[in-house]
Amino acid sequence: MDKDRIVGSAKDIAGKVEGAAGDLAGDAKTQAAGQAREAAGTVQNLYGQAKDAAREVGDAAASYAKDAYENSGETFREGSEVVAKKVQDNPLGALLVAGGIGFALAMLMTRPPRRPPQRWRYYG
């Protein structure tokens, strides 16, 4: 729990007490000061809640990232095993896929350079 939440709740309660005392005494100034303190306490409490929520989100994200990092080796190893099994089951298909990928990469890398657009001249 954030200290802003504790202080905000204390200000909120103090503001309510001060406002009630202003009501009983009929003092508008004390009543207004109590309402102002109550509002400030509520705002500070909400600020503390937002900080707590942000901290929890950050901790959860760090936890997810840590889990993903720790399990990434297993995931890569399992993927490699699946690919190796598919290649062993269908070597011709794997060879054709690899050849197609190689051909596509070669076409992308050896395409002719782009020529600038032709300019039209008017001889009139």
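**A walk along three helices**

Read along the sequence, the protein runs α-α-α, with helices being DSSP runs of H or I, at least four residues, and strands E runs of at least two, numbered from the N terminus. This is a predicted model, where local features need pLDDT of at least 70, side-chain atom pairs count only at pLDDT 80 or more, and totals for chains, interfaces and linings use all residues. Residues are numbered from 1 along each chain as its sequence is written, and side-chain values use heavy atoms, with hydrogens and water left out.

Start with everything on screen. You'll find three helices and zero strands. The C-alpha atoms fill a box of roughly 90 × 70 × 15 Å along the principal axes. The radius of gyration is 35 Å, whereas a compact globule of 124 residues would have one near 14 Å (taken over C-alpha atoms; the globule rule is 2.2 Å times the number of residues to the power 0.38).

Now colour by burial: 10% of the 124 residues are buried, meaning under 20% relative accessible area with a 1.4 Å probe, protein chains only.

Next, select residues 3-25, which is helix H1. Its 23 residues reach 33 Å from first C-alpha to last, close to the 33 Å expected at 1.5 Å a residue (1.5 Å times one less than the number of residues).

Which residues of H1 are buried? Show Asp4, Gly8, Asp12, Gly15, Gly19 and Gly22. Then add residues 28-89: this is helix H2, and the buried residues of H1 pack against it.

Last stop: click Gly26, just after H1, which takes a positive phi of about 75°.

Technical notes
Buried means under 20% relative accessible area, exposed over 50%, partly exposed in between (1.4 Å probe, protein chains only). Contact means heavy atoms within 4.5 Å.
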